[in-house]
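Thanks, everyone. Please have a look at the model on the screen before I start.

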Amino acid sequence: MNASAQPAGDCLTLAGRIHAGNVLEIKRRGESWLASLSSGTNARVDLAATSTASSVLLSLLLCLHREAARRQVPLTFTGVPDDLLGLSRLNGVSRWLTAS
């Protein structure tokens, strides 16, 4: 499955296998989506359709988290796969994926 980033209002759905070869395009789409939101909008990224957990995906999520904070858009992550949550715990960044 190819990776995709589909915006729908205040939600961005990530799907497929996000890897080093496609992460920059997914990041660009995520940043464009964040730029389209008004400051203060409660936004979320749905990860339920992602197919693999990796440090590349984790890095992407942290980049989106930083960009959202810069734009003053509260961002939450939903549908976080257990393997990605485990990887985030190993890296000490799980609080960004589990904060509500």
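I will go through one helix, its salt bridges, and then two single residues.

Keep in mind that this is a predicted model.

Start with helix H1, residues 23-36. The helix has 14 residues. From its first C-alpha to its last it reaches 20 Å, close to the 20 Å expected at 1.5 Å a residue.

Which residues of H1 are buried? They are Val23, Ile26, Gly30, Trp33 and Leu34. Seen down the axis of H1, these fall within an arc of 100°, so they line one face of the helix. What do they pack against? Four strands and one helix come up here: E1 (4-8), E2 (11-16), E3 (43-50) and E4, plus helix H2 (55-70). On the other side of H1, Leu24 and Ser36 are exposed.

Now the charges. The structure holds 5 salt bridges. I will take three that involve H1.

Glu25 pairs with Arg28, at 2.5 Å from N to O. Both sit in H1, 3 residues apart, about one turn of the helix. Glu25 also pairs with Arg29, at 3.0 Å from N to O. Those two are 4 residues apart in H1, so again about one helical turn separates them.

Lys27 forms a salt bridge with Glu31, with the closest N and O atoms 3.0 Å apart. Here too the spacing is 4 residues in H1, about one helical turn. Salt bridges that share partners join Glu25, Arg28 and Arg29 into one network.

Why does this spacing work? An α-helix has 3.6 residues a turn, so residues three or four places apart point the same way.

And where do these side chains stand on accessibility? Glu25 is partly exposed, at 33% relative accessibility. Arg28 is partly exposed at 43%, and Arg29 at 33%. Lys27 is partly exposed at 26%, and Glu31 at 25%.

On to the single residues. Ser88 lies in helix H3, residues 82-90. Is Ser88 buried or exposed? Its relative accessibility is 0%, so Ser88 counts as buried. A polar atom of its side chain lies 2.7 Å from the backbone oxygen of Leu85. Not counting residues up to four places away in sequence, Ser88 touches Leu58, Val93, Ser94 and Leu97.

Last, Gly79. You will find Gly79 in the loop between strand E4 (75-78) and H3. At 39% relative accessibility, Gly79 counts as partly exposed. Leaving aside neighbours within four places in sequence, Gly79 is in contact with Asp46, Leu47 and Ala48. Gly79 and Cys11 are 68 residues apart in sequence, and 12 Å apart in space, C-alpha to C-alpha.

Terms used: Residues are numbered from 1 along each chain as its sequence is written. This is a predicted model: local features need pLDDT of at least 70, side-chain atom pairs count only at pLDDT 80 or more; totals for chains, interfaces and linings use all residues. Side-chain values use heavy atoms; hydrogens and water are left out. Buried means under 20% relative accessible area, exposed over 50%, partly exposed in between (1.4 Å probe, protein chains only). A polar contact is a pair of N or O atoms within 3.5 Å; within protein, one must be able to donate a hydrogen and the other to accept it, and residues adjacent in sequence count only if both atoms are side-chain atoms. Contact means heavy atoms within 4.5 Å. The expected span of a helix is 1.5 Å times one less than its number of residues. The arc is that of the directions from the helix axis to the C-beta atoms. A salt bridge is a side-chain nitrogen of Lys or Arg within 4 Å of a carboxyl oxygen of Asp or Glu.
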